[in-house]
Amino acid sequence: MTIRDQVRFWLLACGAFFFLVWLFSGILLPFVAGMAIAYFLDPLADKLEARGLSRTIATTIITALFFLILIFVLVLIVPLIGSQLAGFLERFPGYLSDLRAQAAPYIQHITDKIAPETLNSVGESIKGQTANAIKWAGNIAGNLLTGSLAFLNFLSLVFITPVVSFYLLRDWDKIVAKIDSWLPRWLADDVRSCARDIDRTLAGFVRGQSMVCMLLGLFYGLGLTLVGLEFGFLIGLMTGILSFVPYFGMLVGFAVGVGVAVAQFGLGLDVVFVIGVFLLGQLMEGNFLTPKLVGDKVGLHAVWVMFALLAGGALFGFLGVMLAVPVAAAIGVLVRYALAQYLDSRLYDHAPSELAKIAHEEDQDVTDSDNAQKTSGAGGHKPDASADAPA
């Protein structure tokens, strides 16, 4: 099989994979969730297995404890979040009215200094961009709700995910060994190296970032509640969860928190306290949480993560959001591998003129070799002049 045939085969395989994901995206959520749970619980199962427990018993204990803890957290937190969310939505129009009333004098002062034509053009531009943004956000929200969180899919997520995670976790090592046996032998070492890099990147980012989000959510929620902000726990918890998308969560939480603070307290010292909570959270995240829990060697840039999450959500809904970070990690590792291969190749350390010179020298060597062979052949059959001379 030539290199062209291999490239064609792998391109067709990747295309078929993404086509199948798109085709079955409506039912894949519980299986992807179960696979993710099995992947992140596998190190714990390996440790229990090393202590003498069988794989089945270790898997049973870990899966049962995981879902019991998850149910306990949901039962404890969801009612609190639900009540605060209902109250926040009920008060939301009032917050907008208070903000509009407080900002009206400043807006009027600014508009008095702007020409009417400029003001109208700016207003039309803002309306158009706002409509586009609302339409884009609505499409993503529609995909999230209709594509993956419909009622039947929610039931399948609740009942199928534990079963899938149990069987995948039990047979994880066998599955990995079987896939390893299918690898092309001449590429097996490179594929294993890339797989280890993807595993290290994915585990480092997702596990570390999940811990960062949880701790930030608790800090923001408790901090905003202590300074007296209405719905402070809800705003803080949502800020922590959205912090999984770098910078996005903090910006959204800061805007909502400061807006509610201004509507509740007016422009005063209490708003400064709210801003202080967010600043302390950012200092804690940037100087302690992220360096300690995530590190700077995971190889996933913040902009790349944001793009992957938004693109995944727009294309495949909540399933795309779940697949976004693994796919982004895999693409990042493969790009770095391809770049390393390029830097080690003659395409990088030889200029085109040098390549042409090398090719010319190789052609010259071939020509000289041919000439030498011809000369040697001619010398070997040279006629003997003494044989024709007269006696």
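Start with the whole protein and turn on its surface: about 25500 Å² is exposed, and carbon and sulfur atoms supply 71% of that area. Keep in mind as you look around that this is a predicted model.

Now switch to a cartoon view. You'll find 15 helices and zero strands. Of the protein's 391 residues, 27% count as buried. Now for the contacts: take those between residues at least 6 apart in sequence, and 76% of them join residues at least 24 apart.

**First stop: Ser165**

Select residues 151-170, which make up helix 5, and pick out Ser165 within that helix. Is Ser165 buried or exposed? Its relative accessibility is 2%, so it counts as buried, the cut-off being under 20%.

What is Ser165 in contact with, once you leave aside its neighbours within four places in sequence? Show the side chains of Ile37, Ala38, Thr63 and Phe67, and add Gly34 to the selection: these are the residues in contact with Ser165.

**Second stop: Leu309**

Next, jump to helix 11, residues 302-316, where Leu309 has its place. Leu309 is buried because its relative accessible area, 9%, falls under the 20% cut-off.

To see what surrounds it, select Phe244 and Val245, then Val321, Ala324 and Val325. Leu309 touches each of these, not counting residues up to four places away in sequence.

Before you leave, try a distance label between the C-alpha atoms of Leu309 and Met322. These two residues are 13 apart along the chain, and their C-alpha atoms are separated by 8.2 Å.

How values were computed
Residues are numbered from 1 along each chain as its sequence is written. This is a predicted model: local features need pLDDT of at least 70, side-chain atom pairs count only at pLDDT 80 or more; totals for chains, interfaces and linings use all residues. Side-chain values use heavy atoms; hydrogens and water are left out. Helices (H or I, at least four residues) and strands (E, at least two) are DSSP runs, numbered from the N terminus. Buried means under 20% relative accessible area, exposed over 50%, partly exposed in between (1.4 Å probe, protein chains only). Contact means heavy atoms within 4.5 Å. Accessible areas come from the Shrake-Rupley method with a 1.4 Å probe; for residues, only the protein chains shown count as cover.
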